[in-house]
Structure formats: structure tokens, C-alpha cells
Amino acid sequence: MAFEALMAEYEARRAKALAGGGEEKYAKRKAAGIWNARERIAYLVDQGSFIESGLFGSSGVYPEQADETQTDGKLAGYAKINGRDICLVVNDFTVKGASTSATNGKKIAHMKRTATERGMPLVLIGESTGARLPDAMGSRGMGLLLGNDNTQFRRTREIPMAAAAFGPSFGSSTWLMCQADFAVMQKGATVAVSSPRLVSMALGEKVDTEALGGWRLHAEITGLVDHVVDKEEEAFDAIKKFLSYLPSHHREAPPDAPIPAGSGADMDKVFDILPESRTQVYDMKRVLKSMVDKDTLFELKPRFGKSAVTALARLGGKSVGVIANNPLHRGGALDADACRKIVDFLVLCDSFNIPLVILADTPGFQIGTEAERAGAPGKIMNFMNAMTLVTVPHISVIVRKSYGRAYVCMGGGRHSDEVAAWPSAEVSFMSPEFATKIVHGVGVGEPGFEEKLADIRKGSDVWGLASVYAAQAVIRPQDTRDYLIRMLDVHQLRMSKGVGQHLMRTWPTSY
């Protein structure tokens, strides 16, 4: 009888924990079209694979609140995504607004520590109000909440981290979004240090939620978000897709995938994309889509630093990171945001053994007061520094323009394992139009300009680069896909089984 009573108590406690904040709160969310935490888990992970950790957790500061802090507002555990083990934390907003406490902070730290030590990706699903008050107030609260475990926010990139933000995502949800290798945000969510209410009280003025931490801010201005979605399921689909390109941990190569039918079939149409005039713009993404395996181009930060494209993809079934200038924006000139975006991507790929493909078509770095105010010199030096630290195979192709210091940053010289160029490539210290004005004092439209321009442009074509072996190959554009697949095979890290040296694994996640 005693055993039966214990089991009855167990089942009652389990049912209460699984009920979260209760039927009424769940019903309100459902009516508003918002998923609850367990629905999110069910969609994200393989069916039946979730094993919960900390189901019976509750407030450790106020034991009398045990009945209203089921699972303490954060669900944690182990699961599989497409057959691979992961660690998982999903906030349950129906319990104290998923506010951070001493107990659920331990859950996050335990999942992160286990993922790192056992080599599993970590997925964090945010929707929270920030630190729990009054638990965090006073010296005792600070000691319990913020001083108990420093592993929760330590980041050295041993394992991939992916995070999503839904609704209000303040406090730890924001910190973890900033730390993640991949951060996805649903439109309507707010990612910020503190809530609009607290900010309004502190500043004495009304604060607009979207302006404080909306998706446009983080996708277009701060660059903290890699992907923006309309629907919840799209966020989880994006996380699954992102992880499919990455290894489970930094000591293994990325997984291979079947080559989709029709891959490379449009490579011979690249001349329909590339304009004959070197000053005419075009969308580099169309070139990339024709080059990589069909439907595998997965762009990161598409709304940020748009003169550069950073994307995961596959070539011949193998994961690659693609970096390219996009002349459709600023003519392909690299501003401070584009530099930061590329550095973030270099760090990601080098940390997780993903080979790099670089396509250059740029007139150089953006100049002027706007660039200087944005800290362009520092961002450019970070870019150069990161390029010298890349240890995964990296192959560059000069498509058209490659001028000035950007030639080096985009893989020119010995900054790539192989440099190839299309016959349309043109390399020089600066734009011939500007050089003509500086050297000859003649500008566009002035008498004698075309003659002087032709003189300046002599020697800028691809054959000078090839003659001094600064380009190891001049290739036909339609052969680019085959060339890259072969060169990445040649330069694969055989002696370390596809694993690089990870010289940038401690690079800051947000700067």
C-alpha cells in the first residue's frame, strides 16, 4: 500500500508539472495562435525522442511557490533532430513568464555543459520576461541567481548553438540569442535587454516595442538575427536546416547529403546573369544558386550588410560556406556591416570544419564619413585578421572586379588555398575611373577621359594576374561548379579527418 501511495503521489506530481501554467493560460495562447512549450518541442524534435530533465523543478528561493512554478518555467532535456542527439531548453511562458530563477538557471547551465562535454548541438527556445523578481533582489538573490554557475554564458564553440525568439524575449533569451551560432526570430517578437515597461520607467518616456527590439532592428541594423520568419513552424524548420549543414561538435566533419537531381544544370546560363558591362549591377545570389547543389543555398543575415552574401550550401553533397560580394547593393562595396557579417561567418565555418568558397566582385571598401563613423577601419582589420586565421580549405574565384585591400580580404594572394578567376576578372589598386582622375586629372565625361582610362586599365585584366601565378587557374564560368568540387576535394583535411585548428573558436559572438 505504501508503494501504491508513492506511485499515486508521483503520478499526481507529474501531471501537475506537465500541466504548466494551467488550462486557462494554454487556452488563451491557443486562441491567439501561439504554441505552448511542449507543442514547440513536439514539432522540433523527432517523435518520441524527448527525455525531460528537471520535470519536478520549482522555485528554490520561495518553496511556498512550488505549486505555481511547475518545471520552474523552463523545459529542458535531450532529444533527436533528424536522428542526431541534441540538448534542448524551451521556455514555458505560462509559468512566471519563463522568468530566470536560480533553479531554471541551473537547467540551462546543465544542458550547455552536457552538450559541450558530450558533443551535441544545443537548441534554446526563448520567450521570457527576464530575471524573476523579487527572487533576484538583494545580495542573497544576486548570489543565488547570477553567481552560481559561470558555464551558462561561456562560449568557446565546441558545439553548434541555435536559438529562437518568440513574443517577448528579454533577459536570458536575449543573451542566448546573442551567443548563438544561428539566431532566428519570429516577426512580432521583441529581443532586448529589458522590457518596454522597465525602459519606460527608467527613461520617463513611452517606448515603442518594435523600436526597442523588433525584428527589423535586429535583422537590418544590429545584425544579431540570422533569420526572420512569419510562422512558428518556419523558425523550427530553419533550425533543423541550419543544423543539417553542421557537425554535432567541433571534432568531426560536417555530414554529407545526397546530391539533388538537377544540381548544376543552370551553370551554362551564367552568362545570362553576368552583364557584359563591368559597371552594371546584377544579383550574385542567382549565380550562387546555379552553382551549388539544387535548393541548398541557405543565406544568413540576408537583410544586414547586403553588399555581401554569406550562406551555407552544399557542393557535390558536402557542406560549404559561401561568401560573395553582391553588386546589386552598393555595387558590391563592403561597408562596416558587411565586414562584420563576413567575419561572423568565417568564425562559424572555421570553428565547425566547413570549407569556404569565396566569390569576389567588389570595387573595394566603402569610404567616406558614413564609413568612418561606422568604424570601418577596425572592421576591415578584423576581417583581415580573421582571414589569416582560417584553417579550413578555402577557394576563391574572382568573378569581375577586385580592387584595393578588398582583393586581399576576399581571398586574393595567399589568403586562399587556390585562387581562380573568370576571364571577366579585373584586379587593380582602385577603380580605373578614380585612378584616371587622380593620375591624369581627367574625370568621367571630360575630353580625353576614355583614352586615359584605357591607358590606366592596361594590365588590370586577368592575364596579368595569371602570369605571375597570383591566380592558379583561369576558368570558364560554366565550369566553376566542377572546379570548386574538385579543388575542395584536393584540399580536404585528410590528415585530421576533416577537422581544422579552430583558431577563432573564442572570437566574440557579438561585437
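A salt bridge is counted here where a side-chain nitrogen of Lys or Arg lies within 4 Å of a carboxyl oxygen of Asp or Glu. By that criterion, a search of the whole structure, which is a predicted model, finds 22 salt bridges.

**Salt bridges around E127**

Side chains of opposite charge can pair when their charged atoms come close. One residue that takes part in such pairing is E127, whose side chain meets that of R29 in a salt bridge with an N to O distance of 2.9 Å. Because E127 belongs to strand 4 and R29 to helix 2 (residues 23-31), this pair ties together parts of the chain that are 98 residues apart in sequence. E127 also forms a salt bridge with R40, where the closest N and O atoms are 2.9 Å apart; this pair likewise links distant parts of the chain, with R40 in helix 3 (residues 37-44) and E127 in strand 4, 87 residues apart. E127 counts as buried at 4% relative accessibility, R29 counts as buried at 9%, and R40 is buried as well. Together with E232, the residues R29, R40 and E127 are linked in a network of salt bridges.

A further salt bridge joins the side chains of K269 and D266, at 3.5 Å from N to O. Here K269 is partly exposed, with a relative accessible area of 45%, and D266 is partly exposed at 39%.

| Salt bridge | N to O distance |
|---|---|
| E127 and R29 | 2.9 Å |
| R40 and E127 | 2.9 Å |
| K269 and D266 | 3.5 Å |

**Cavities**

Rolling a probe the size of a water molecule over the atoms shows where empty space is left. The structure holds five cavities of 30 Å³ or more, and the largest has a volume of about 250 Å³. It is lined by 21 residues, of which A180, D181, K301, D344 and T509 are the closest to its centre. Helix 6 (172-179) and helix 13 (336-351) each supply at least two residues of this lining, and helix 13 gives the most, with six residues. By class, the lining of the largest cavity has nine nonpolar, five polar and seven charged residues.

The second largest cavity contains about 80 Å³ of space. Among its 13 lining residues, those closest to the centre are L124, I125, G126, S173 and L176. Two or more lining residues come from each of strand 3 (84-91), strand 4 (122-129), strand 5 (161-170) and helix 6, with helix 6 giving the most, at four residues. This lining divides into eight nonpolar, four polar and one charged residue.

**Backbone and surface**

Most residues other than glycine have a negative phi. D295, although not a glycine, has a positive phi of about 60°, and its place is in the loop between helix 12 (284-291) and strand 9 (298-300). N353 is also not a glycine and has a positive phi of about 65°; this residue lies in the loop between helix 13 and strand 12 (356-362). D295 counts as exposed at 66% relative accessibility, whereas N353 is buried, with a relative accessible area of 3%.

On the surface, F3, L6, M7, Y10 and F56 form a nonpolar patch with about 520 Å² of accessible area together. Of these, F3 is found in helix 1 (residues 2-18) and counts as exposed because its relative accessibility is 59%.

How values were computed:
Residues numbered from 1 in each chain as written. Predicted model: local features only at pLDDT ≥ 70, side-chain atom pairs only at ≥ 80, totals over all residues. Heavy atoms only, no water. Patch = residues over 30% accessible without salt bridge, like charges linked within 9 Å, V, L, I, M, F, W, Y side chains within 5 Å. Areas by Shrake-Rupley, 256 points an atom, 1.4 Å probe, with all protein chains shown as cover. Buried < 20%, exposed > 50% of the residue type's maximum accessible area, 1.4 Å probe, protein only. 1 Å grid on protein atoms, 1.4 Å probe; cavity = no way out; pocket = protein on both sides within 12 Å on 5 of 7 lines; lining within 4 Å. Points joined across faces, edges and corners; volume = space filled by probe spheres on them. Nonpolar A, V, L, I, M, F, W, Y, C, P; charged D, E, K, R; others polar.
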